[in-house]
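Visitor: I'd like to know how people decide what to call the parts of a structure. Could you walk me through one?

Guide: Sure, ask away as we go.

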Amino acid sequence: MTDLGRGPVTDLGRGPVTDLSRGPVTDLGTDTLLRFLGYAQSGDRRAAASLAVQLLNEGLTIEDLIGGVLVPAQQEIGERWYRNLATVADEHLSTAVVQAALEAASAASAMGPPSRATAVVACAEGDWHSLAPRFLAEILEASGIRVSFLGASTPADHLSGFLADRRPTALVVTCSVPLYYEGVVRLTQTAHTLSIPVLVGGRGVTPYGLATRLGADADPDAPAGVVAQLEQWAQTPPTALVDAHLSECIADADIDEAAIAAFDVLARGLPLMAAYDEPQRDRTREDLAYILRFARAAVLVGRNQVFSDFMDWQRSLLSARSVPPSALDAGVAALRQVVTHPQVAEVLVRASTVVDPG
Ligand code: B12
């Protein structure tokens with residue numbers, strides 16, 4: 001048995017976590033998953049790759065390998081980092097193992113019977129979470145759909161010529177964190193300019209039902225639905241493509257300025273912060289700007305929940321690192337004092353449990 005240290009933090013036997021991780025049709029048992037996780041944690045890319053290929057040889061489909069092993073492994077890796085049981089270096093190590101296993105499995109499996117549909121699959125501009133679209137690309141190819149996979153953060157300018165050249169049935173955009181909604185819209189607009197329809201999904205979008213709000217022309221919430229939609233569009237392309245328009249919001253430069261001013265508010269009220277050295281000040285300003293960027297995301301799509309989910313997520317993240325939630329509340333309260341953009345200010349007010357930083 002592989003040494004998993006403290007063991008998995010998520011209940012790996014509980015079945016589906018998200019849509020791709022619906023669990024394999026063949027009962028893999030948790031042993032296989034634990035073995036794979038052991039390789040992921042120790043950074044053993046070769047062992048992970050050969051286990052993946054062995055599972056395929058034993059009859060598992062690549063969809064089931066992804067849904068039953070690779071996605072749960074990635075989620076476990078994320079959970080360990082979130083709970084401060086793993087560092088960013090550990091996460092990078094494990095992600096590289098999952099990637100190696102996926103590459104090996106991909107090379108060892110055939111494409112499905114050719115479909116008329118083709119797709120370009122890309123991350124939103126700004127988004128580096130390239131594994132989610134890579135998994136999706138593999139599932140599309142297993143259904144015979146030819147995919148051009150573009151990896152992390154694709155700039156809209158560069159996508160334009162590529163799409164004009166390839167003319168896929170559709171562009172599929174993934175977005176893993178709400179911070180990249182503008183990056184999604186830049187890509188959906190680019191495709192629409194060329195009359196190419198778009199699908200959008202990922203953990204930053206699908207749970208909020210925001211795909212069409214961001215410019216998608218249909219709203220499947222799982223890879224099987226993406227396959228079906230692409231097949232349908234290959235027969236009959238959609239006629240009216242409606243562009244997304246996000247509300248005007250606070251600019252990056254104003255966010256940075258507000259973060260500096262909010263730090264000064266905090267430093268005036270909290271002697272501990274007043275004594276920070278310059279690197280500590282910079283880090284705190286970055287954290288304050290990060291809060292504002294999530295508030296902006298919520299305003300852009302008109303969903304307070306995007307910000308309240310961020311606050312819940314951030315509270316647990318901080319508490320796993322022994323930072324009291326009052327630190328976050330104090331930051332938000334300081335930002336409230338300096339932010340002049342009315343909608344951003346309102347999102348901050350709604351989210352605050354009132355703490356006066358002084
Ligand atoms: C690996 C990883 C990274 C790597 C990515 C490397 C790579 N090559 O992909 C790196 C280190 C770059 C990274 C960076 C960051 N990350 Co990160 N990352 C992860 C991690 C651990 C795994 C991501 C992954 O591959 N998941 C597996 C995929 C397949 O699952 P999924 O994203 O949930 O997607 C599912 C569905 O949405 C669906 N789906 C996906 N796309 C589509 C498309 C369509 C059309 C459809 C229908 C469905 C669909 O299929 C998937 C499976 O069910 C996740 C944790 C997690 N639970 O996912 C965090 C996570 C996504 N990251 C997170 C964060 C915060 C960040 C950073 C902002 C951290 C920071 N402060 O810098 C940066 C952002 C950088 C950037 N510019 O993008 C948070 C997001 C939390 C939030 N509040 O939104 C997470 C959840 C970590 C956590 N547990 O808190 N990250």
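Visitor: How many helices and strands does the chain come to?

Guide: The secondary structure of this predicted model comes to 14 helices and 4 strands. The chain has 358 residues, and buried ones make up 41% of them.

Visitor: What share of the contacts join residues at least 24 apart?

Guide: If you take contacts between residues at least 6 apart in sequence, 76% of them join residues at least 24 apart.

Visitor: Let's look at the strands. What makes strand 2 and strand 4 edge strands?

Guide: The 4 strands form an open sheet in the order 2-1-3-4, with parallel pairing. Strand 2 (146-149) and strand 4 (198-201) each have a single partner strand, so one side of each has no neighbour in the sheet. That puts strand 2 and strand 4 at the edges. From one strand to the next, the twist averages 20°.

Visitor: How do you know that strand 3 and strand 4 pair?

Guide: Pairing takes at least two bridges. Strand 3 (residues 170-174) and strand 4 have 4 bridges, in the parallel sense, so they count as paired. V173 stands opposite V200 in strand 4. As for what holds such partners together, strands of a sheet pair through backbone hydrogen bonds.

Visitor: Which helix lies across strand 3?

Guide: That's helix 7, which lies across strand 1 (118-123), strand 3 and strand 4. Helix 7 runs at about 180° to strand 3.

Visitor: On to helix 11. How do you know that its span agrees with what it should be?

Guide: Helix 11 (residues 278-301) has 24 residues, and at 1.5 Å a residue they should span 34 Å. The end C-alpha atoms are 35 Å apart, which agrees. Just after helix 11, G302 takes a positive phi of about 65°.

Visitor: What do the buried residues of helix 11 pack against?

Guide: The buried residues of helix 11 include L288, I291, F294 and R296. Their packing partners are helix 7 (181-193), helix 9 (252-269), helix 12 (304-319), helix 13 (325-338) and helix 14 (342-351).

Visitor: What about helix 4: how does its reach compare with the expected 30 Å?

Guide: Helix 4 has 21 residues and reaches 30 Å from its first C-alpha to its last, close to the 30 Å expected. Among its buried residues are S94, V97 and L102.

Visitor: Why is I260 called partly exposed?

Guide: A residue is buried with 20 or more other C-beta atoms within 10 Å, and exposed with 12 or fewer. I260 has 13, so it is partly exposed. I260 lies in helix 9, and its C-alpha atom is separated by 9.6 Å from that of V338, 78 residues apart along the chain.

Visitor: Is N84 exposed or partly exposed, and why?

Guide: N84 has 13 C-beta neighbours inside 10 Å, so it counts as partly exposed. N84 sits in the loop between helix 3 (62-82) and helix 4 (88-108). Its phi is near 65°, a positive value in a residue other than glycine. Most residues other than glycine have a negative phi.

Visitor: And what makes R167 exposed?

Guide: R167 has 11 C-beta neighbours inside 10 Å, and with a cut-off of 12 or fewer that makes a residue exposed. You'll find R167 in the loop between helix 6 (156-166) and strand 3. R167 also has a positive phi, of about 45°, although it is not a glycine.

Definitions and conventions. Residues numbered from 1 in each chain as written. Predicted model: local features only at pLDDT ≥ 70, side-chain atom pairs only at ≥ 80, totals over all residues. Helix = DSSP H or I, 4+ residues; strand = E, 2+ residues; numbered from the N terminus. Expected span 1.5 Å × (residues − 1). Contact = placed C-beta atoms within 7 Å. Axes fitted to C-alpha atoms, helices over the stretch in contact; angles between N-to-C directions.
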